[in-house]
Amino acid sequence: MIGFEYVKARDVSDAVRRIASDPNAKFIAGGTNLIDLMKENVAQPRRLIDITGLPLSEIEDTGAGGLRVGALLPNSDLAYDARISKRYPLLSSAILAGASAQLRNMASTGGNLLQRTRCLYFYDTTTACNKREPGTGCGAREGFNRMNAILGWSEKCIAVHPSDMCVALAALKAVVHVTGPNGNRAIPFAAFHRLPDDAPEIDSTLAADEIVVAVELPAQGFARNYSYLKIRDRLSYAFALVSVAVGLELDGGAIKQARIALGGVAHKPWRIPEAETMLKGKEPDRKAFGATADALLAGAAGFAHNSFKIELARRAIIRALEQAAAGTPQSQSVKVIL
Ligand SMILES: Cc1cc2nc3c(=O)[nH]c(=O)nc-3n(C[C@H](O)[C@H](O)[C@H](O)COP(=O)(O)OP(=O)(O)OC[C@H]3O[C@@H](n4cnc5c(N)ncnc54)[C@H](O)[C@@H]3O)c2cc1C
Ligand code: SF4
């Protein structure tokens with residue numbers, strides 16, 4: 001590991017001032033991703049700015065019927081909070097489908113948003129990787145690409161975003177609140193992560209001198225009809241091959257509103273609002289769900305080892321929609337005892 005300085009931010013302004021004045025600095029929260037990247041020499045920050053002492057660990061009412069989650073709240077505390085598990089069980093389920101209990105205790109909300117891809121070649125510094133070292137090429141394209149993207153990839157990069165939590169946040173249309181030298185910004189979740197295009201080294205629209213302070217959940221939590229279905233090689237402690245977050249609002253026998261986000265398939269949680277609108281007013285049946293799955297996967301293209309994901313995703317979308325419609329979610333979230 002290469003030597004680095006360590007400082008502890010006193011408050012949010014101090015954190016912003018420090019990151020803005022040093023392009024080689026990085027924030028550290030739970031450290032469950034950044035420290036691994038430093039140990040592998042993939043990340044080489046000269047200074048770590050520890051933000052764990054900042055007062056950003058609360059869950060507050062927004063006044064608009066939603067909740068505002070502090071960026072430093074550990075993933076476990078978020079998943080097990082009674083307000084979240086009762087009103088946003090989709091989010092609790094997605095978080096609890098990820099990593100391990102120990103990791104979730106350390107991992108923060110902000111860090112989860114900004115965790116980096118698990119592409120094998122990104123971690124292996126002996127191979128070409130445009131995300132790790134722009135302009136060197138992409139080892140995954142002709143390499144072992146079982147975990148890589150089938151949607152939204154570019155010639156430069158076929159990596160996927162590895163988070164489970166973010167798939168639920170995309171379906172819930174969360175908003176990411178950030179602070180920088182020029183003040184505060186609210187970024188709709190769909191605009192927070194980006195596709196690789198010509199600059200795969202940039203994962204998100206967060207500026208280098210900004211800090212995530214909170215994630216806002218809108219009032220609609222789809223608490224009755226939801227499912228988070230994660231397909232992976234092992235039942236626990238494995239990243240998604242494909243995951244699906246679904247929230248449905250039913251009115252009588254018809255669908256009033258639908259949200260669907262996919263994980264494990266693209267450089268960001270994958271949502272196609274037009275595919276969701278197709279379900280409006282429809283009976284929740286297999287025919288309608290199949291057409292929606294086709295719309296979500298339009299243009300999907302795989303590589304030597306991951307083309308199976310296209311059919312896997314289609315089946316997972318239909319199954320998750322059926323589970324949500326029946327009120328029988330795949331992942332049971334936390335039981336709330338009030
Ligand atoms: C073995 C293993 C298995 C895992 N399995 C899964 C899984 O199945 N599903 C899943 O979703 N995740 C999984 N994870 C990933 C885990 O969820 C992330 O490592 C974790 O969420 C990162 O949070 P952190 O607070 O530790 O981030 P850190 O490692 O502290 O930081 C990560 C990045 O975010 C930046 N950052 C942190 N906080 C902020 C902030 N407030 N503002 C701006 N930048 C910030 C840091 O500078 C750094 O670049 C796994 C991790 C490991 C090690
Ligand atoms: S897919 Fe992206 S992260 Fe993986 S090797 Fe290619 S450029 Fe690097």
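**Entry 1, ligand 1.** I began at the ligand and noted that one of the oxygen atoms of ligand 1 sits 2.9 Å from a polar backbone atom of Asn33. The model I am reading is a predicted one, so I record each distance as a value computed from its atoms. Looking for further contacts of this kind, I found an oxygen atom of ligand 1 at 2.9 Å from a polar backbone atom of Ala29, and likewise an oxygen atom of the ligand at 2.9 Å from a polar backbone atom of Ala99. I then looked up how much of the ligand is covered: taken alone, ligand 1 exposes 980 Å², and the protein buries 92% of that. The elements that give two or more residues to the shell are β2 (25–28), α2 (34–39), α7 and β8 (211–217). Which element gives the most to this shell? I find that α7 does, with four residues. In total 34 residues surround ligand 1, and the closest are Phe27, Gly31, Thr32, Ser108 and Asp164.

**Entry 2, Thr117.** I followed the chain on from α7 and stopped at Thr117, which lies in the loop between α7 (109–114) and α8 (120–123). Is Thr117 buried or exposed? Its relative accessibility is 5%, and because the limit for buried is under 20%, Thr117 counts as buried. I looked up the partners of its side chain and noted two: the side chain reaches the backbone nitrogen of Cys119 at 3.2 Å, and a polar atom of the side chain lies 2.9 Å from the backbone oxygen of Val160. Leaving out residues up to four places away in sequence, I list Phe122, Tyr123, Lys131, Ala159, Val160 and Pro162 as the residues that Thr117 touches.

**Entry 3, the aromatic rings.** Since Phe122 and Tyr123 are both on that contact list, I turned to their rings. A search of the whole structure finds two aromatic pairs. In the pair of Phe122 and Tyr123 the ring centres are 5.9 Å apart and the planes stand at 85 degrees, so the pair is edge-to-face. I also noted that Phe122 counts as buried at 1% relative accessibility, and that Tyr123 counts as buried at 17%.

**Entry 4, Asn130.** My next stop was Asn130, in the loop between α8 and α9 (165–171). With a relative accessible area of 7%, Asn130 is buried. What does its side chain reach? I find the backbone nitrogen of Thr136 at 3.2 Å and the backbone oxygen of Lys156 at 2.8 Å. Residues touched by Asn130, again not counting those up to four places away in sequence, include Gly135, Gly137, Cys138, Pro200 and Glu201.

**Entry 5, cysteines.** Cys119 and Cys138 had both come up in my notes, so I checked the disulfides. How many does a search of the whole structure find? The search finds zero disulfides. I added that Cys119 is buried, with a relative accessible area of 11%, whereas Cys138 counts as partly exposed at 23% relative accessibility.

**Entry 6, helix α11.** Last, I looked up which residues of helix α11 (residues 286–296) are buried, and wrote down Ala288, Phe289, Gly290, Thr292, Ala293 and Leu296. As a help in reading that list, an α-helix has 3.6 residues a turn, so residues three or four places apart point the same way. The cover over the buried residues of α11 includes β11 (254–263), α10 (273–277) and α12 (308–326).

Technical notes. Residues numbered from 1 in each chain as written. Chains lettered and ligands numbered in written order. Predicted model: local features only at pLDDT ≥ 70, side-chain atom pairs only at ≥ 80, totals over all residues. Heavy atoms only, no water. Buried < 20%, exposed > 50% of the residue type's maximum accessible area, 1.4 Å probe, protein only. Polar contact = N/O pair within 3.5 Å; in protein donor to acceptor, adjacent residues only side chain to side chain. Contact = heavy atoms within 4.5 Å. Phe/Tyr/Trp six-rings, centres within 6.5 Å; stacked < 30°, edge-to-face > 60°. Disulfide = S-S within 2.5 Å. Near = heavy atom within 4 Å. Areas by Shrake-Rupley, 256 points an atom, 1.4 Å probe, with all protein chains shown as cover.
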